[in-house]
Amino acid sequence: MSQLPKALQGLSLPVIASPLFIISNPQMVIAQCKAGIVGSMPSLNARPAAQLEDWLAEITETLAAHDRDHPDQPAAPFAINQIVHKSNDRLDHDMEVCARFKVPIVITSLGAREDVNQAVHGWGGVVLHDIINNKFAHKAVEKGADGLVAVAAGAGGHAGGKSPFALIQEIRQWFDGPLALSGAIASGGAVLAAQAMGADFGYIGSAFIATHEARASDAYKQAIVDGNSDDIVYSNLFTGVHGNYLAPSIRAAGLDPDNLPESDPSKMNFGGASTKAWKDIWGCGQGIGTINAVTSVAERVAQLRSEYQAARARLALG
């Protein structure tokens, strides 16, 4: 295990909840943090941009009140995801708001930016950067990221194609900083397996879509409960970057999930123009076969914790 910065120490379960475009909201983030895991959301979920300040005020004030009332069980820190791709014309505004609230963890995606990392470090924050291969991992650390999120095959939404075994072992040959693994992790046993491979955290998204707090349609949530890995389609059609999506939503849009055309990566867009695509085409990872009901965030984390402890006990007995 690596030496972790203070913001990532003391979690009740080694899990970072991934930021879910459109779906994550303050209610979800607060519930995740109160349950003892890192809660997160994309800054772009706040629309209009001015709403981001209100949301960060709600999160920070609610968690501070929780910590005052529960000094023996303080909430975990929260994270804000910043898309640093050139198409995000809100980045400067959103970073300024994050600076005012001294957001403890910033997760950067789609391009490593030295200036962004320096800004976060300037207010005492920690930067984790999404990567899909060892080459991008090197670039992220060289530009000042404190830790990495290894997005392996099977992750929901934008995902890489590398086996988690290959990706984690290559990164751990040279990097001893914070490392989270994303890719079909939806159970406590999978979290323990990620640690066994060398990661510090499981990075979980799709399991939290099927929760009461998630800003997703009932049909979306039920599709996760009803689905399994056979229902996941890997395509770059919708944003220009390869990702995993639920086949039922693709069929509902009038497309054949088994015969999707390729997209032009040069037309990537992660601002307002992409919202409709993500609303209609549902991102989802391959691990959903373990999700059997829509629950609260607290219940989902409790289930993950129970499974994690059971998996550890099985190994100890073995």
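This is a tour of selected strands, cysteines and salt bridges in a predicted model.

**Before you start**

Residues count from 1 along each chain as its sequence is written, and side-chain values use heavy atoms, leaving out hydrogens and water. Because the model is predicted, local features need pLDDT of at least 70 and side-chain atom pairs count only at pLDDT 80 or more, while totals for chains, interfaces and linings use all residues.

**Stop 1: strand β6**

Select residues 147–151, strand β6. Helices (H or I, at least four residues) and strands (E, at least two) are DSSP runs, numbered from the N terminus. Is β6 mostly covered or mostly exposed? It is mostly covered: five of its five residues are buried. Buried means under 20% relative accessible area, exposed over 50%, and partly exposed in between (1.4 Å probe, protein chains only). Show the side chains. G147, V149 and V151 point one way, and L148 and A150 the other way.

Now add residues 126–131, strand β5. Strands pair if DSSP finds at least two bridges between them. Here, four bridges join β5 to β6, and the two run parallel. To find one contact, pick L128: its bridge partner in β6 is G147. Next, trace the chain from β5 through helix α5 (residues 134–142) to β6. This β-α-β crossover is right-handed. The test: with the strands pointing away from the viewer, the path from the first strand over the helix to the second runs clockwise.

**Stop 2: across to β8 and β9**

Select residues 179–182, strand β8. Four bridges join β6 to β8, again in parallel. V149 has A180 as its bridge partner in β8.

Move on to residues 201–204, strand β9. Three bridges join β8 to β9, which run parallel. S182 stands opposite Y203 in β9. Follow the connection: β8, helix α7 (residues 188–197) and β9 make a right-handed β-α-β unit.

Which way do the β9 residues point? F201 and Y203 point one way, G202 and I204 the other, and all are buried. Finally, add strand β1 (residues 15–17). It runs parallel to β9, joined by three bridges. Look for A17 opposite I204.

**Stop 3: the cysteines**

How many disulfides are there? The count comes to zero, where a disulfide is a pair of cysteine sulfur atoms within 2.5 Å. Select C98. Its closest cysteine sulfur is in C33, 14 Å away, so the two are too far apart for a bond. C98 is buried, at 0% relative accessible area. C284 is also buried, because its relative accessibility is 0%.

**Stop 4: salt bridges**

Side chains of opposite charge can pair when their charged atoms come close. A salt bridge is a side-chain nitrogen of Lys or Arg within 4 Å of a carboxyl oxygen of Asp or Glu. The whole structure holds four. Visit these:

- R100 and E53: N to O is 3.0 Å. The pair links distant parts of the chain, with R100 in helix α3 (residues 91–101) and E53 in helix α2 (residues 51–69), 47 residues apart. E53 is partly exposed, at 36% relative accessible area.
- R90 and D94: the closest N and O atoms are 3.2 Å apart. Both residues are buried.
- D115 and R113: the closest N and O atoms are 2.9 Å apart. D115 is partly exposed at 43% relative accessible area, and R113 is partly exposed at 29%.
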